[in-house]
Amino acid sequence: MHKADKRLKCKQVSVDSISMKHQWVKGNLPPESICHVCEEECGNERHFSDFRCCWCQWTVHEKCLPNLADLCNLGVYRNFIIPPNCITLRRSPRGRLRSQCLVASIKEPQWGPQWKPLIVIGNGKSGSNEACHLLSSARKVLNAVQAIDLSDQEPKIALQLCALLKETQCRLLIAGGDGTIAWVLNAVQNLDVKHLPETAVLPLGTGNDLSRALGWGPHIEGAVDFHGILKKIEASSSALLDRWLADIRPSRHLGIRFPGRSVRFNNYFSVGVDARVALNFHLTRQSPMYLFSHRLFNKLIYFTYGTKDVVEQSCEGLENQIELIIDKKPIELPSVQALVFLNVDSWGAGIKPWNMGQEGVFMPKCLYGDGIMEVIGVSSSFHIAQMQVGLSEPLRIGRGKSFRLRIFGKQPVQADGEPWEQGPSEIIIENCGQVPVLTVEPNRSSQ
């Protein structure tokens with residue numbers, strides 16, 4: 001390995017140099033590569049031939065290489081890249097994986113406000129290998145320290161790059177489902193920086209409701225095209241996403257009050273039948289018999305549990321088991337099997353419930369940055385299925401800025417797709433701030 005490293009050097013994370021120079025790699029050029037000097041096709045021989053700079057991505061014939069200057073401008077994606085000559089590393093402590101680089105400091109390259117380095121975050125061990133392919137593609141274009149695998153590091157450790165660049169606003173690309181995104185955004189809110197990073201989303205989950213609401217789509221099509229993703233980020237616009245805090249206070253039982261908990265979320269919070277289906281799915285995924293992870297397979301499991309609950313009606317009479325207060329006003333609930341608090345206009349893998357069936361009727365939009373949440377009711381699992389195909393609409397309960405939900409018995413609840421069983425308690429839901437996000441559509445939060 002040491003001999004190979006001397007002959008074929010890896011892409012350098014950090015270099016001790018004032019100027020940035022090309023790092024040429026021989027062979028394995030992309031198809032239809034064009035020489036940067038003579039503008040002829042290169043790299044089309046059947047053996048290792050010609051060169052590519054692993055930073056600016058220029059390609060050049062071996063015979064043309066002496067005609068190029070040594071200095072590298074990092075190419076068309078320079079505003080996404082942290083140059084290796086701006087990074088100082090520190091020695092890894094004993095027992096730490098060698099693949100995890102510890103960055104001691106980052107010197108800003110003084111390229112102006114357009115320089116917003118991109119940090120790519122994904123879990124390489126979850127689901128199919130889409131996140132793993134994305135991280136691999138990111139390391140080819142960006143500095144390797146900018147590609148973070150959540151299977152090796154927690155989000156707060158991954159975001160240390162943002163903390164080191166206190167005066168510069170970074171950009172994040174989170175590859176995962178709604179649960180992974182919420183996990184990372186919790187860490188983003190805890191950052192002590194001048195500008196919180198702007199977050200883009202690559203949908204790799206089952207529902208991907210935040211991705212739909214921000215315009216990034218329901219899922220990725222085909223193989224990961226990292227260059228296409230970077231162009232999409234360049235064309236995106238910035239918006240603010242509301243985040244909400246559910247403060248859960250358990251009721252006393254036999255004179256004992258159990259510890260409470262707080263949960264932050266950005267998409268939705270719900271109690272009832274939809275949380276029951278999500279909880280059953282969650283327990284299935286944790287089972288040792290769950291061996292095959294794929295988006296279509298996950299949707300099939302969801303459909304199975306939803307169909308099962310149509311028969312069982314496990315949350316029937318929920319309106320008698322809960323009380324709801326919106327902006328200090330008690331709400332009389334209709335017959336429901338679920339209550340859903342919506343911050344974004346997408347729920348249940350693409351349903352847009354708040355404005356369904358309201359053609360010609362004025363209805364305030366469900367916006368993700370207005371400090372207001374909408375509350376809808378669902379009468380059954382079959383009602384959810386009807387909404388998914390546009391044959392029904394939800395029960396509109398109300399909208400507001402603060403909510404108090406009392407649960408009298410044990411009920412399933414969920415926040416951004418993360419479910420659990422909640423005992424008798426009082427849940428207070430209030431806005432807890434905003435985070436910057438990138439959207440590929442006009443900023444609907446200001447409409």
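Me: Which angles count as roughly perpendicular?
Reply: Each angle between axes falls into a named class. Angles under 35 degrees count as roughly parallel, and those over 145 as roughly antiparallel. Roughly perpendicular covers 65 to 115.

Me: How are helix 2 and helix 7 oriented to each other?
Reply: This model is predicted. In it, helix 2 (residues 130-141) and helix 7 (residues 226-234) pack with their axes 10 Å apart. Their angle is about 75 degrees. Helix 2 and helix 7 are therefore roughly perpendicular.

Me: Which residues of helix 2 and helix 7 make the contact?
Reply: Both helices contribute. Helix 7 brings Phe 226, His 227, Ile 229 and Leu 230. From helix 2 come Leu 134, Ser 137, Ala 138 and Val 141.

Me: Why are the buried residues of helix 10 on the same side?
Reply: Helix 10 spans residues 381-388, and its buried residues are Ser 381, His 383, Ile 384 and Met 387. Because they cover an arc of only 155 degrees around the axis, they lie on the same side of helix 10. The value to remember is that arc, 155 degrees.

Me: Which backbone nitrogen does a side-chain oxygen of Ser 380 reach at the start of helix 10?
Reply: Look at the start of helix 10. The side-chain oxygen of Ser 380 comes to within 3.3 Å of its partner. That partner is the backbone nitrogen of Phe 382.

Me: Is Gln 414 buried or exposed?
Reply: Gln 414 sits in strand 23 (residues 411-415). Its relative accessibility is 4%. Buried means under 20%. So Gln 414 counts as buried.

Me: Which side chain does Gln 414 join in a polar contact of 2.9 Å?
Reply: Gln 414 touches several residues far along the chain, beyond four places in sequence. Among them are Tyr 268, Asp 274 and Trp 420. The polar contact of 2.9 Å is with the side chain of Asp 274.

Me: Which backbone nitrogen does the side chain of Asp 416 reach?
Reply: Asp 416 lies in the loop between strand 23 and strand 24. Asp 416 is buried, with a relative accessible area of 2%. It touches residues including Asp 178, Phe 265 and Asn 267. At 2.8 Å, its side chain reaches the backbone nitrogen of Asn 267.

Me: Which element has the highest mean pLDDT?
Reply: The mean pLDDT of the protein chain is 84. Helix 9 (residues 295-312) has the lowest mean among the elements, 49. The highest, 97, belongs to strand 22.

Notes:
Residues are numbered from 1 along each chain as its sequence is written. This is a predicted model: local features need pLDDT of at least 70, side-chain atom pairs count only at pLDDT 80 or more; totals for chains, interfaces and linings use all residues. Side-chain values use heavy atoms; hydrogens and water are left out. Buried means under 20% relative accessible area, exposed over 50%, partly exposed in between (1.4 Å probe, protein chains only). Helices (H or I, at least four residues) and strands (E, at least two) are DSSP runs, numbered from the N terminus. The arc is that of the directions from the helix axis to the C-beta atoms. A polar contact is a pair of N or O atoms within 3.5 Å; within protein, one must be able to donate a hydrogen and the other to accept it, and residues adjacent in sequence count only if both atoms are side-chain atoms. pLDDT is the predictor's confidence in each residue, from 0 to 100. Axes are lines fitted to C-alpha atoms, for helices over the stretch in contact, and angles run from 0 to 180 degrees between N-to-C directions. Contact means heavy atoms within 4.5 Å.
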